[in-house]
Amino acid sequence: MSNNHRLPRLPGEWIDRAHSIEFEFEGKHFQGFAGDTISSALWASGQRVLGRSFKYHRPRGIFSLANHDVNGMMQWGQKLNVRADVTLLEMGMQLSAVNTFGGLNKDPAKVLNHLSRFLPVGFYYKAFHGKRLFPRWERVFRTLAGLGKVNLSTPRLLTPKDYAFCAVLIVGAGPSGLAAALAAADQGADVVIVDENAQAGGSGGYQIGGELAKREATEALLVRVIAHPRIRLLTGIYAAGYYTDHWIALVDDKKMTKLRAEAVVIAAGSFEQPAVFRNNDLPGVVLGSAAQRLIYRYAVRPMQRAVVLCANADGYRVALDLIVHGVMVAAIVDLRAHHQPCDAEVELAAKGVEMHTGTCIVEALPTPGCSGVAGARIAAFANGVADAATARDIPCDGIVMSVGWAPAANLLYQAGTHMRYDDLVEQFVPDALPPGVFACGRVNGVYDFKARLLDGERAGSAAAAHVGFGEKRSVSVPVELESSSFPWPIVAHPQGKNFVDFDEDLQLKDFENAVQEGFDNIELLKRFTTNGMGPSQGKHSNMNALRILARLVDKHPREVGTTTARPFFHPVPMALLAGRGFHPVRRTPMHLRHAAMGAYFMSAGDWQRPEYYARQHKDRLECIREEVDMVRHGVGIIDVGTLGKLEIIGPQAAEFLERVYVSRYANLKIGMTRYAVMCDETGVVVDDGVVARLAEDHFYFTTTTSGATAIYRELSRLNTQWQMACGIINHTGAFAAINLAGPQSRKVLARVTTLDLSAAAFPYLAIREGKVAGIPARLMRVGFVGEWGYEIHVPAEDGVALWDALVAAGSPFGIRPFGVEAQRLLRLEKGHVIIGQDTDGLTTPFEAGLGWAVKMDKPFFIGQRSLQIVDKQPQRQRLVGFRLDQAHGGPAPQECHLVIHDGAISGRITSIGWSHILCAYIGLAMVTPELAKPDQTFEIRITDGSLVVARVTPTPFYDPEQRQQKEEA
Amino acid sequence: MPWRLLRFVTSGKHPEPQMFTHHDGLKKVYDAVIIGAGGHGLAAAYYLARDHGMTNVCVLEKGYIGGGNTGRNTTIIRSNYITPEGVQFYDTSVKLWQDLSQDFDLNLFYATRGHYTLAHTDAALRTMRWRAEVNKHCGVESEVVGPEELRREIPMMDMSCGGHAPIIGALYHAPGAIARHDAVAWGYGRGADQRGVQIHQQTEVLGIEVTAGRVSGVRTSRGFIATSKVLCAVAGSTPRILDMIGVRSPIYIHPLQAMVSEPMKPWLDPILVSGSLHVYISQSARGELVLGASLDPYELHSTRSTLDFTEGLAAHMLELFPFLSHVKIVRQWAGMADMTPDFAPIMGKTPIEGFYLDAGWGTWGFKATPVSGKTMAHTMVTDTPHPLITGFSLDRFRNYALTGEKGAASVGH
């Protein structure tokens, strides 16, 4: 299609006529220029219908051309809900309107426009809830609702994130924002100024009343801003949200930048507001500012013959802009009964333009097919009511509205600004700004161009002074002489279709009906009507909704108030929020050794641990069984470097441990270790490990793998609170740790150390420091798996060397690495508990069979008071060992299957496994005390509902006399 | 199109009566005063009037109907808890929910979608099995499902989670549902209003009069009310009300945040939760994705939003559904959750005679709206805790008789 609506070349236009861009919309071929947005290119080509509305599928065209409405919302391949008004045209784009069925023109859903009387506000609450049919209706609703389509094969988009800092951030590079930037920077502040438009200048670039010379002041400011060494001007980027302490999310089409400012100036301007009259949503009914943007940014003639509806001087200036660029202005219709004529009005009168005051448009007359405007029906308008008797029609192909503004105060609200309704300017303005937040320009209720510059200077200077640059300048900003916003730009019509919220297809009547039903405060009204809940979040509808409600309940707008404005200012793609994501994965120093030995890895929190080591021609269970056998009968080696490894040093180190663990450590001999259980304040077991004493004032201790981070954090918190004379160091990542276990472990270790490994010199539960394979090491004789063994801790960088040395030394004994699964079975055979698996969020040490470790006679430990109380109560549950009947043949119970007694839940299985050494299924179960007696049988219900009998069995199941792991007494 | 919509055309005027009656002032005496016109408070009022004939009742609301957590939550309704007390309680609620649109003659968009709690670790899968077994024992439909079924039912999900946290199974709970939250408050409010209950919005409670250990009245911003029964149902403001009568509770207020996307055509039917990734998602009838995550980790009496919440939630959600990269988030918000140590509510009597508590709803209150109303109404009328709520009494903390729901409530809400 030809560019038949393109104007001759205009100075400062945003399009580059040297680069034409071919694209498709709804299967048709179009052409635009580089710098065009999708909407401007389509409009230039004569395409008036850009989309269909959400509820009634009415045709819609350009309305704000500023992303304040979503009339032009498009699907572009994998991108959905693309805002055509502000998305730059790209070569080869294939676009279609969202939310149509079978194309923009056909769209059979447009029948809904004729059924609208059946579908008043909240109609869906009043029907469709028959139990049988609701699921089908829901499917219909879901299909009709929703806008674009998600393409399920879209790949994950990884985007960068940027961080920035500045003294003063200015949001909005219009006249007041530019003035603010200069004032702040001139006082020495480092300034960032952002604007969502492709180019800076804001309304100063297009609200010029036909005279290009009027741009000069803005252009001069812009030149100074660009040249200023302390100002960074960023365009095509919007402030999506304001967060605590001036933390601002800035979003462009590639990334999110998180900026911390010392002060913020909001110069975001205002949203032009529609007038409400019948068919005010027809393609061709546009805001004045939209018409101006079309002309001055994209050199597009908005229409041929216009009726201008206005209620302020802006409207007359728009009329001049139109006339200068070849649009015939058929009439200017002013809602106001009386006003002081502005310069533009005088000029228009001189040109002989037809003008009506105290007059409104009651209806935009549609073309056949309703895809455009054929005329405006105007009528006398007094006290907010149109006089139908005076109605007459003026033929036109476009209606331009300029009846008022609403502040773009979203970020101000998010920052916690208290706003008040200003009767003079008929809008909300900042009343009390939070510290470090400033506002200027239209968002501050200042509309006169020169006044805006002064207001910007005032705010910029104050912001710079706030952060310590210069003195706050005394600037007097003249008071507005008249309001730019009309208090009641709303015209009732018996046939409705006078839209307030274009996103949600809400008509004037919908608000009246909602209030009639009792939704008569602004929050309830919003929720019942869904006003402002669409993608443009009320930018073009909240103000009129508020005016309507105020009139319906006979209150002042100030009493009605506003709803809460939350982030985001414009919607933000999930990919930009997500960035690249962050997935810490921790590997022990021996990771590659495990991999080379065939390890099958599993996740343990952030860590990767070998679950078992795969062997050729053997399945998982066989591999695990062989690993178990090797530990029981020969020697095995396991990487336990993921355990939390902490050190505490200082005169009060022992006292600290006494407080945080349930056992006694003050009397622990130097060179010895002791099992350690930690409870929370309610007496619930939260972690366990081993505490070793290296010196009077020096302990080394371990935590569980999963608890390491939280325990270190909690101990640090407690030490901060208690202020004890000791320091805690987290060595978890700094140390590697290996457990060498099995009857042959001493012989293996003897080959690589000169330490005296005799039982007398290095008894069970002792800790020794010495060299292993030449590496300085701490060795503990402890045995989670129930065999003679050594847990050897060395600096992480020596972990591989230690591993290699032990594997080499063990090879004559057939040493094999074993994984987490073998260890789990080995410990189960010993009846050792795993905190978090055999215990849960309510388990006390008494219930877990760890009562022996609790020293209630200590003066204090965390959880002691609770345990004293709990200890006096009858026990509710107990952890017991159990065995299944040897003859059990069917499927085995699994962990967390329930114990059922007399038809009631009486416990659950916490651990279970097949012990080939004991030739039985063994396990641990948390059961009621009556089922915990020795030799008691109980029933476990498995997934298929059948019951399996288990018998309470004392633990350890294996080697109950502990002969394997320690020397003869 | 249902015939019921015909009346909108045949009638000259909008044929709908007012949902909530205007009252010029407060009465001097009410048989019961309910603080909080959220779902819970209005439900209690509704059942007091409907089931017990107690209609000289007022509901006091500082803001507006349903303006607290009723209007801020992500509307997931389920009963797959871990304790038998919890399962029976929430199952009763689900059954009430299923008939509620009919009871009210108001479409609550109660949509049974099915609910999956994804397991990425053995430990998570063990907890799923525990919940499934307890649920089945209580007659609630839950089962552990494997990766094959997940691939079949949610084929668009990346089972490897970007390779970071592969999904190994899930707890499937067929009755899982969502509903239109605001409408629930309106339905209960209208039902109570029709039966004579007075709802007073923009009426703040300033103090509670206690005489000899008994409630005797309520001081409000619009005057004094004499009453012998007060129900406190104020979610995140519970500690402030309890301070007025000197009752201590172990409640801490944490913010809970959520966000919602632009609408899109339907692609996701069930509700999905991942405890390991700390995220959950459902698609509303309007086509928006409703997204949430776990609580903010610190105490704060505020409904402010944070940017890092949206960043973390989006990053984790794209692990499950990478194709949402271009989907835009339109709005984020927060509510104040009153958290209890065991993740179960606090319901029933208090040391002050005539003062009843419906609190500790943390992040799990919306689904309990019907059953909390019903059981609290019973408790207020009989002055005896309803059998379904004995496990949730305030004195359980003193007695170390907690009802541990952490495993089933911490992210799933």
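In this predicted model, helices α2(B) and α6(B) run roughly parallel to each other, because their axes cross at roughly 30 degrees and angles under 35 degrees count as roughly parallel. Helix α2 spans residues 39–52 of chain B and helix α6 spans residues 181–194 of chain B, and their axes come within 8 Å. Two packed helices are described by the angle between their axes and the distance between the axes. The handedness completes the description: the crossing of α2(B) and α6(B) is left-handed.

The residues that meet at this crossing can be listed from each side. Helix α2(B) contributes B:Gly39, B:Leu42, B:Ala43, B:Ala45, B:Tyr46 and B:Tyr47, while α6(B) contributes B:Ala185, B:Tyr188, B:Gly189, B:Gly191 and B:Ala192. Sorted by class, this contact has eight nonpolar and three polar residues, and no charged residues.

An annotation also concerns chain B. An unreviewed UniProt entry lists residues 33–76 of chain B as "domain: Rhodanese". Over residues 33–76, the chain is 32% helix and 18% strand, and the C-alpha atoms at the two ends are 29 Å apart.

In chain A, attention turns to A:Arg17, which lies in strand β1 (residues 16–25). The side chain of A:Arg17 reaches the backbone oxygen of A:Leu7 at 3.0 Å. A polar contact of 2.8 Å also joins the side chain of A:Arg17 to that of A:Glu13. Leaving aside residues up to four places away in sequence, A:Arg17 touches A:Arg6, A:Leu7, A:Pro8, A:Arg9, A:Leu10, A:Phe33 and A:Ala299. A:Leu7 thus appears both as a residue touched by A:Arg17 and as the one whose backbone oxygen the side chain of A:Arg17 reaches.

Definitions and conventions:
Residues are numbered from 1 along each chain as its sequence is written. Chains are lettered from A and ligands numbered from 1 in the order in which they are written. This is a predicted model: local features need pLDDT of at least 70, side-chain atom pairs count only at pLDDT 80 or more; totals for chains, interfaces and linings use all residues. Side-chain values use heavy atoms; hydrogens and water are left out. UniProt positions are given in the numbering used here, feature names are shortened, and annotations may be inferred rather than shown by experiment. Helices (H or I, at least four residues) and strands (E, at least two) are DSSP runs, numbered from the N terminus. A polar contact is a pair of N or O atoms within 3.5 Å; within protein, one must be able to donate a hydrogen and the other to accept it, and residues adjacent in sequence count only if both atoms are side-chain atoms. Contact means heavy atoms within 4.5 Å. Axes are lines fitted to C-alpha atoms, for helices over the stretch in contact, and angles run from 0 to 180 degrees between N-to-C directions. Angles under 35 degrees count as roughly parallel, over 145 as roughly antiparallel, 65 to 115 as roughly perpendicular and the rest as oblique. A crossing is left-handed if the near helix is turned anticlockwise from the far one by less than a right angle, and right-handed if clockwise. Ala, Val, Leu, Ile, Met, Phe, Trp, Tyr, Cys and Pro count as nonpolar, Asp, Glu, Lys and Arg as charged, and the others, Gly among them, as polar.
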